[in-house]
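Hi,

Here is the structure I said I would pass on. Have a look at it first, and my notes follow below.

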Amino acid sequence: LHPQVGAGTSKMVLMLSTGGTALSYLAADKLNITYALVYGLLNVVVTPIGIYVMDIFVKKTGHPSYITLLSLIRFILGVLVQLVFSAIPSFISLARDHPDMLGFNPKGICQ
């Protein structure tokens, strides 16, 4: 499978899954519309620039596998950002507000 085909397929799957998630949050009235619009418009502007730059890079180097490498790096950076800005603060908040729930407590969940 050519890396550009894989990257294109991955983008399509990502677009469909995030679109479905956004619609479910919208239906549940849990979506910050302003944030979603800013984020969406930013992606509409930046994504074509990134695709153009990657196409030039692949043509110059002749190594389409760099797309896979950069996708992996982007994924790892995304995980780190989620850890720093979401998971760790949530864990700290949980530890501060509900220290009894730090361990897995199925009795507390199932009751």
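One bit of bookkeeping before the pocket: Ala, Val, Leu, Ile, Met, Phe, Trp, Tyr, Cys and Pro count as nonpolar, Asp, Glu, Lys and Arg as charged, and the others, Gly among them, as polar. On that scheme, the lining of the largest pocket splits into 24 nonpolar, 16 polar and four charged residues. Do keep in mind that this is a predicted model.

So what is this pocket? The largest pocket holds about 2,200 Å³ of space. It is lined by 44 residues, and those closest to its centre are L14, T18, Y39, N43 and T47. Three elements give two or more residues each to that lining: α1 (3–27), α2 (33–61) and α3 (66–97). Which of them gives the most? That is α1, with 17 residues.

Now the overall picture. The protein has four helices and zero strands, so to speak an α-α-α-α run from the N terminus on. Of its 111 residues, buried ones make up 4%. The exposed surface comes to about 9,300 Å², with carbon and sulfur atoms supplying 72% of it.

Back to α1 for a moment. This helix has 25 residues and spans 36 Å from its first C-alpha to its last, close to the 36 Å expected at 1.5 Å a residue. Just after α1 comes D29, with a positive phi of about 60 degrees. Why pick that out? Most residues other than glycine have a negative phi, whereas D29 is a residue other than glycine with a positive value. D29 sits in the loop between α1 and α2. Is D29 buried or exposed? Its relative accessible area is 71%, and over 50% counts as exposed, so D29 is exposed.

Next, the aromatics. There is one aromatic pair in the structure. Its members are Y35 and Y39, whose ring centres lie 6.2 Å apart with the planes at 15 degrees; planes under 30 degrees apart count as stacked, so this pair is stacked. Both tyrosines belong to helix α2, where Y35 and Y39 are four residues apart, about one turn of the helix. In an α-helix there are 3.6 residues a turn, so residues three or four places apart point the same way. Y35 has a relative accessible area of 58% and is therefore exposed, while Y39 is one of the residues closest to the centre of the largest pocket.

One more tyrosine to look at is Y66, in helix α3. Its relative accessibility is 29%, so Y66 counts as partly exposed. How far is the C-alpha of Y66 from that of Q4? The two C-alpha atoms are separated by 9.8 Å, though the residues are 62 apart along the chain.

That's what I have for now.

Cheers

Notes: Residues are numbered from 1 along each chain as its sequence is written. This is a predicted model: local features need pLDDT of at least 70, side-chain atom pairs count only at pLDDT 80 or more; totals for chains, interfaces and linings use all residues. Side-chain values use heavy atoms; hydrogens and water are left out. On a 1 Å grid over the protein atoms alone, a cavity is a set of points where a 1.4 Å probe fits but cannot get out, and a pocket is an open set with protein on both sides within 12 Å along at least five of seven lines; lining residues have an atom within 4 Å of a point. Grid points are joined across faces, edges and corners, and a volume is the space filled by probe spheres set on the points. Buried means under 20% relative accessible area, exposed over 50%, partly exposed in between (1.4 Å probe, protein chains only). Accessible areas come from the Shrake-Rupley method with a 1.4 Å probe; for residues, only the protein chains shown count as cover. The expected span of a helix is 1.5 Å times one less than its number of residues. Rings of Phe, Tyr and Trp (its six-membered ring) pair if their centres lie within 6.5 Å; planes under 30 degrees apart count as stacked, over 60 as edge-to-face and the rest as tilted.
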